Amino acid sequence: MDYQNKSKISVLRRKSNSLQQEDDVTLKGLSEEDAEHLVHELRVHQLELAMQNEELLAAQVKIEQSRKKYYNLYNLAPVGFFTFNLKTGRIEDANPACARLLGIRSSGLRGVYFSRFIVPEFQDAFCFHKKRICESVDGSTHQCQLDLIRLDGTSLSVQLESVAIKGPSDTSRQAYISLADITRAKQAEEALKKTKLDLEARVTDRTYELILKNQELTTLNQQLLEENERSRRCQMTLEIQTEEMLAAYKQRNYLSRKFVELLERERHAIGRELHDEIGQTLTGVSMHLEGLKHIRTADGTDLSDCVVPIQELLMKAMKRARDISHSLRAEVLERFGLLPSIKNLLEDVQNHFNIKIHLFTKGIAGLASEDLKINEKDLTIYRIIQESLTNVVKYAETKEVFINLILREKAFYLSIEDNGKGFDYLQFSTNQDKDPRRPLGITIMRERVAMVGGVFRIESQPGAGTHVFAEIPAD
Ligand SMILES: Nc1ncnc2c1ncn2[C@@H]1O[C@H](COP(=O)(O)OP(=O)(O)O)[C@@H](O)[C@H]1O
Ligand SMILES: [Mg+2]
């Protein structure tokens, strides 16, 4: 029991003693029975009082505990609380947290106008808040946010939560107001707002950039489409041109083939003419000359001395005609095959033109094909050697020619090389197309090789000889 309770009890004891002294005075006239009855009554009463006293003491302890609890709650609360007089606008009581928030001692706050802490821009907001509390029923709550300024000049933002209550007198009105510091929350909110604004600005900028980029892309796309269309048209033109070129190429190939065939046929006809007509005529002349040999003239001269040299010349002419006929008809190929025909040709050229021809061959079959038809590739090889040797005889002014003919990996490799005076092949081939009466030997060689799917090439320089190459597929 604390000191306050003890002093209260001693006061009560003193009061009962004095009452008892007063009773003693009146008890003097009482009978013994009445006195006993009275004493009994008093004892019962005393017991009742003692019990009541105990109950009172227990209740007092409870009250004390509760008071302490609320005192602590009020004083140690982390949120600021203050009692506000709605009529005077002054702070009536404030807890330490409130004082801390406002930067002043708790006792120093009592009687202070709350509005002195409110920054000018928020005065109206607080007036409005106050008005709402005044007009509301007791116990209703209202919120409001304010910016405050402490005595030291620092500022803070607070959230006010106010409850309207009755004041000590019947007419007075008060408000319990809690004060929560929301400075950080506000700063965070401000920062958030700023970030949001920055972000929005960036989004706007980016959107604008994207719109521009999109426009650029649309233009680019348009250009690409146009370009595409142009290239499609070009491709079509190219396809048409290619088709035309292909047709022209086919036409040219066809004409070349026809030309070479015609050439072969003409050669053959001339060869036969030479062999049959001229040969037989010359044979007839020779027979007539044979008859003249035994005739004597009137002066007794023997004609044989004149006829024999004529017959010898005739024999030479007949042999030459036969050789030319053979070379023109190329039937030697039919009869003997490629290699013997080439050898025959070389022998003929060597005999007539006093030229030494070196022949090197590898992998070339000597016999003619069994069906006795002239193989187109054999004929091509034969004609190239023939034309090249003719050119050597006509232009090269040399006495030596080297011929290589090799069959390797399904292709013939033919080369005819002379070390004669040569010619400017580059200039010849450049000018050739312009000249309507151009020589045709080399052109026909090229056509023949192209017709059998081969490759033809000439290398020649003035003073450096001439080299003719041909690669012809064997199949
Ligand atoms: N082996 C060679 N040596 C020097 N000049 C040559 C040789 N072969 C060809 N030529 C030159 O190339 C020209 C063309 O020859 P070619 O096309 O065979 O036609 P052609 O024999 O009818 O003149 C010849 O006129 C000649 O000037
Ligand atoms: Mg020629």
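**Exercise 1. Locate Y70, decide whether Y70 is buried or exposed, and state how far its C-alpha atom lies from that of G463.**

Solution. Y70 sits in helix 2, which covers residues 32-76; helices here are DSSP runs of H or I with at least four residues, strands are runs of E with at least two, and both are numbered from the N terminus. Next, the neighbour count: Y70 has 10 other C-beta atoms within 10 Å and is therefore exposed, given that a residue is buried with 20 or more other C-beta atoms within 10 Å of its own, exposed with 12 or fewer, and partly exposed in between, the C-beta atoms being placed from the backbone. Finally, Y70 and G463 are 393 residues apart along the chain, and their C-alpha atoms are separated by 130 Å. The model is predicted, so that local features need pLDDT of at least 70 and side-chain atom pairs count only at pLDDT 80 or more, while totals for chains, interfaces and linings use all residues. Residues are numbered from 1 along each chain as its sequence is written, and chains are lettered from A and ligands numbered from 1 in the order in which they are written.

**Exercise 2. Treat K131 and T301 in the manner of the first exercise, with L86 and F126 as their respective partners.**

Solution. K131 belongs to helix 5, residues 123-135, and it counts as exposed because 12 C-beta neighbours lie inside 10 Å. From K131 to L86 there are 45 residues in sequence and 8.8 Å in space, C-alpha to C-alpha. T301 lies in the loop between helix 6 and helix 7 (304-329), and T301 is exposed, with 11 other C-beta atoms within 10 Å. From T301 to F126 there are 175 residues in sequence and 171 Å in space, C-alpha to C-alpha.

**Exercise 3. Describe how helix 6 and helix 12 cross, and which residues meet there.**

Solution. Two packed helices are described by the angle between their axes and the distance between the axes. The axes of helix 6 (residues 183-292) and helix 12 come within 10 Å and cross at roughly 115°; axes are lines fitted to C-alpha atoms, for helices over the stretch in contact, and angles run from 0 to 180 degrees between N-to-C directions. That makes helix 6 roughly perpendicular to helix 12, since angles of 65 to 115 degrees fall in that class, those under 35 being roughly parallel, those over 145 roughly antiparallel and the rest oblique. At the contact (C-beta atoms, placed from the backbone, within 7 Å), S256, R257, V260 and L263 in helix 6 meet I444, E447, R448 and M451 in helix 12.

**Exercise 4. Find the residues of the largest nonpolar core that touch the most other members, and trace which elements supply this core.**

Solution. A nonpolar core is a set of buried Ala, Val, Leu, Ile, Met, Phe, Trp, Tyr and Cys residues joined through C-beta atoms within 7 Å. The largest has 27 residues, among which I381, Y382 and I385 touch the most other members. At least two residues each come from helix 8 (331-336), helix 9 (338-353), helix 10, strand 7, strand 8, helix 12 (441-451) and strand 10 (466-473), and helix 10 gives the largest share, 7 residues. Leaving aside residues up to four places away in sequence, Y382 touches A330, L333, L338, S341 and I342.

Key. Two residues are in contact if their C-beta atoms, placed from the backbone, lie within 7 Å.
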